[in-house]
Amino acid sequence: MSDIDRRNFMKFGAAAVAAGSAASACPGLLNAMELELGGNDFHQIRTFHPRDRRPYLCTMCSYFDGGYTFAEDGEILKAEGNPDHIATRGKFCTKGLASFFGASDPDRILAPLKRVGNRGSGQWREIGWEEAIAEVAGKVQGALVDVDSIYLNEGGFKDGGTVRFMDTIGSRSVIRSRLPSIGTAPRQAALEEALGFNFILPDFEHTKYILNFGANIMETALPLAQRLTDGVVNNRLKLVTFEVRMSNTAGRSDLWFPVFPGSDGIIALAMANVIMQKGLANLDFIDTWTNYSSERLAADLEKFTPEMAEKASGVSAKIIKKIAIEFAKSKPATVFSHNGVSLHRNGIDAEMACLLLAVITGNIDNEGGYCLPRRFDVAPPAPAPAPVASASRQLNPRFPFEVKEGTRRVQVLFNHMSNPAYSSPAASLWREVLKDPELVPYLVDFSPFMSETSELADIILPDVVDVERHDVASSPTALWPWISMSYPDIKPRGQAQDVRLVLKQIIEAIDPDGSRGMKQYWAFTDTEQWVKQAVKATPGMKKKSYKRLKSKGVWPPYGKIDPATRQIVKNGEPVEADYHTYTATGFPTPSGKIEIRPPAWSGNPRHGALQSHQFVLTTFKVAYHTLSMTSNLKYLAELWHSNPLWINTGIGRELGIADGALVRVTSEVGYLVTKAWLTQGIHPQVVGISTSVGRTAYGRVARADPRAHAPFAREEQEDPDIDHNLWWRDGGVNPNDIIPVALDPETGAQLWNDTVVTVSPAERGDRYGDISVENARHFAIYRKLHEQA
């Protein structure tokens with residue numbers, strides 16, 4: 001651009017004023033897309049040239065928000081929510097908005113890689129797909145005689161073909177880093193036992209009162225956050241949050257109580273007791289629709305007094321009584337609970353207690369209450385193999401310990417959408433086990449990026465990213481069932497292949513003539529046909545459903561978004577939901593009723609014996625990241641790349657810790673060094689640290705180092721932002737190495753919020769980011785847990 005002198009500056013200024021006047025006279029000239037409801041995009045200069053719009057299903061989390069991508073010249077330039085989607089209503093969270101950057105990321109792996117040095121040495125050779133398929137198929141073929149020695153570590157929010165592969169070969173050895181559907185394993189277990197469903201949807205939009213236990217709705221549940229905002233603005237609802245730290249949701253609540261960790265369950269039971277004793281319960285609903293009589297339930301709740309809850313939680317008995325009465329008298333009212341409740345010892349009992357508040361007030365599947373899930377059960381393409389592996393709900397925290405002690409024999413380990421070497425508890429022990437070829441002879445990783453787990457693989461088969469994948473899913477995030485689809489308008493970069501196509505080729509190499517009965521389950525020609533067959537096989541679909549999904553991205557067409565209210569309307573009227581759906585067929589439980597466990601609560605003995613220098617460590621998610629999958633998305637990393645330790649201001653001063661100072665955080669297995677963030681927004685006996693940062697792999701953005709070695713970067717994909725605009729060098733600290741296993745005995749889930757640590761000023765020689773761990777201690781803690789079980 002040429003230099004601008006004062007004379008030219010004045011000219012440009014006059015021209016700008018004239019343009020502004022013209023725009024004022026002709027408001028039609030100003031038509032910013034940002035002011036519209038979405039659903040279109042065009043070139044910034046050639047505004048007459050619309051970009052190619054395609055349906056997009058975001059799988060960054062289990063809410064599966066539906067939207068669109070917009071492409072030009074074979075490159076996606078924008079992603080946004082679908083304005084006519086009954087759940088998303090044109091909105092995407094930050095992860096969905098930024099997800100398309102993964103396609104053009106210069107640090108992607110774009111060809112199969114075979115390890116040529118020792119595991120973890122970083123020595124690789126690019127190979128062709130023919131060689132890669134032949135090698136992996138040969139390893140699988142050799143292990144079929146002991147088929148359960150072929151393992152899959154699955155981290156996807158839904159089956160992307162890998163579990164079908166395990167069903168096909170007949171292996172039961174599927175372990176998961178998370179269960180499908182929404183919520184933790186303890187929460188799902190509680191809901192399945194009580195209701196017969198693994199999710200329940202609070203009708204925030206129409207309620208008057210919300211009791212929120214340990215859920216950060218505003219950051220981690222966009223469709224629910226929309227409805228919560230509507231309820232606040234339009235319904236003047238009251239939001240009461242019990243949470244150890246001031247999350248974004250706690251900070252936007254009418255009342256926030258920083259409770260002692262793990263005490264949510266006793267607070268909920270004490271409130272239930274008050275409601276029963278004050279005669280505010282819906283006795284008819286209890287006696288008709290639960291396995292408990294109201295008389296027996298009242299008697300069983302009597303021992304859970306507000307005074308008992310005050311002692312455990314720190315919330316006064318007077319306040320507990322007041323809120324219980326307010327909640328019961330508010331019609332309608334609802335409850336929501338999540339990680340802050342279920343990821344503690346006895347999390348299932350605590351989740352049951354929270355649910356009980358909705359049950360005893362009759363706020364189940366009513367307008368403004370706690371509603372049963374509405375969704376389509378997306379079927380696998382037919383024919384489907386027998387569900388040998390797909391029935392597995394086994395979580396993976398025990399796996400490295402069991403391999404190390406010899407109770408699991410592994411010949412081949414497939415890893416898909418999971419990064420246990422970074423994101424699991426005792427992550428350092430995972431790395432030790434995965435690095436040892438005697439324990440894991442052959443490791444295959446399906447990944448578009450070089451993760452901390454990929455670094456230890458024998459072969460990496462590059463998967464496609466979200467926006468390149470044909471996909472279909474449904475999630476119970478609205479009061480109406482919906483199904484959404486992705487139909488990409490770009491081809492996968494380089495030689496990347498969808499994992500389903502790779503597994504199809506492996507099966508065809510193992511069973512070339514179909515004589516083993518495997519090939520029949522992989523008879524689709526491409527992933528587009530896979531999705532088409534899945535839609536066709538899904539109950540509730542109609543003849544034109546796929547055609548509608550392909551063009552509009554969502555089915556059924558409930559209506560259009562109203563520009564004034566941002567609601568989905570049909571013929572000018574809001575779309576009405578059906579309530580009390582259980583009255584027709586009952587609940588899908590053995591009794592057909594809500595099955596309540598005898599009320600129970602007990603605190604964690606270790607938490608009750610904390611010394612003055614000890615704290616309960618809570619880890620938490622933020623709005624900008626999903627575990628380890630989003631760290632290299634540049635705009636998200638710019639928003640959130642470091643994770644200082646939250647410490648109560650008063651406690652920090654007592655310990656001689658200044659804001660921003662280095663601190664040493666020590667658990668039973670080791671320590672890390674990070675920065676302190678002093679705040680009043682956390683319980684004095686709790687310290688907190690976020691996840692999803694502190695990377696040693698995955699790309700230069702994830703590592704906050706533009707000069708880091710990038711062996712797979714291609715010049716034609718290079719991003720000048722990384723070289724010139726990556727201004728931060730603080731990449732955070734990963735806490736998972738110092739978090740020992742602590743398992744829920746019923747589900748095997750990691751109890752992330754039960755770790756006890758000490759916090760002290762950094763010692764001489766400590767540097768930011770230092771981590772020191774003894775894996776022998778990790779193993780000793782696991783053995784102790786195993787013996788107690």
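Q: In what order do the 7 strands of the open sheet lie?
A: In this predicted model, 7 strands come together in an open sheet whose pairing is mixed. Neighbouring strands in this sheet are turned against each other by 20° on average, direction ignored. The order of the strands is S5-S4-S16-S15-S14-S6-S7.

Q: Which are the edge strands of this sheet?
A: An edge strand of this sheet is one that pairs on one side only, and the order S5-S4-S16-S15-S14-S6-S7 has S5 and S7 at its ends. The edge strands are therefore, by that pairing, strand S5 (124–126) and strand S7 (174–176).

Q: In which sense do strand S14 and strand S15 pair, parallel or antiparallel?
A: Strands of a sheet pair through backbone hydrogen bonds, and they may do so in either of two senses. Strand S14 (residues 412–416) and strand S15 (residues 443–446) share 4 bridges, and Leu413 has Leu443 of S15 as its bridge partner. The sense of the pairing between S14 and S15 is parallel.

Q: What angle does the direction of helix H3 make with that of S16?
A: Helix H3 (residues 129–143) packs on the sheet, where H3 touches strand S4 (113–115), S5, S6, S14, S15 and strand S16 (459–461). The direction of H3 makes with that of S16 an angle of about 115°.

Q: Which helix gives the most residues to the largest nonpolar core?
A: The largest nonpolar core holds 93 residues, and the members that touch the most others are Leu211, Phe213, Phe242, Leu357 and Ile364. Phe213, leaving aside its neighbours within four places in sequence, is in contact with residues including Phe242, Val335, Cys354 and Leu357. Apart from this core lies another, of 48 residues, with Trp129 and Val499 among them. The helix that gives the most to the largest core, with 11 residues, is H15 (residues 347–360).

Q: At roughly what angle do the axes of helix H9 and helix H13 cross?
A: Two packed helices are described by the angle between their axes and the distance between the axes. The axes of H9 (residues 264–277) and H13 (residues 317–329) come within 9 Å, and H9 passes H13 in a right-handed crossing. Residues that make the contact include Ile267 and Met271 of H9 and Ile320 and Phe327 of H13. The axes cross at roughly 65°.

Q: How many residues apart are Lys158 and Asp471, whose side chains meet in a salt bridge?
A: The structure holds 45 salt bridges, and in one of them the side chains of Lys158 and Asp471 meet at 2.8 Å, N to O. Lys158 lies in the loop between strand S6 (150–154) and helix H4 (162–169), while Asp471 lies in strand S17 (residues 471–473). The pair links distant parts of the chain, its two residues being 313 residues apart.

Q: Why does Asp365, which meets Arg374 in a salt bridge, count as buried?
A: The side chains of Arg374 and Asp365 meet in a salt bridge at 2.7 Å, N to O. Arg374 is buried, with a relative accessible area of 10%, and buried means under 20%. Asp365 counts as buried because its relative accessibility is 0%.

Q: Is Lys675, which forms a salt bridge with Asp730, buried or partly exposed?
A: The closest N and O atoms of Lys675 and Asp730 are 3.5 Å apart. Lys675 lies in strand S26 (residues 670–679) and Asp730 in the loop between helix H26 (720–724) and strand S28 (755–761), so the pair ties together parts 55 residues apart in sequence. Asp730 is buried at 18% relative accessible area, whereas Lys675, at 32%, is partly exposed.

Note on methods: Residues are numbered from 1 along each chain as its sequence is written. This is a predicted model: local features need pLDDT of at least 70, side-chain atom pairs count only at pLDDT 80 or more; totals for chains, interfaces and linings use all residues. Side-chain values use heavy atoms; hydrogens and water are left out. A salt bridge is a side-chain nitrogen of Lys or Arg within 4 Å of a carboxyl oxygen of Asp or Glu. Buried means under 20% relative accessible area, exposed over 50%, partly exposed in between (1.4 Å probe, protein chains only). Two strands pair if DSSP finds at least two bridges between them. Axes are lines fitted to C-alpha atoms, for helices over the stretch in contact, and angles run from 0 to 180 degrees between N-to-C directions. Contact means heavy atoms within 4.5 Å. A nonpolar core is a set of buried Ala, Val, Leu, Ile, Met, Phe, Trp, Tyr and Cys residues joined through side-chain atoms within 4.5 Å. A crossing is left-handed if the near helix is turned anticlockwise from the far one by less than a right angle, and right-handed if clockwise.
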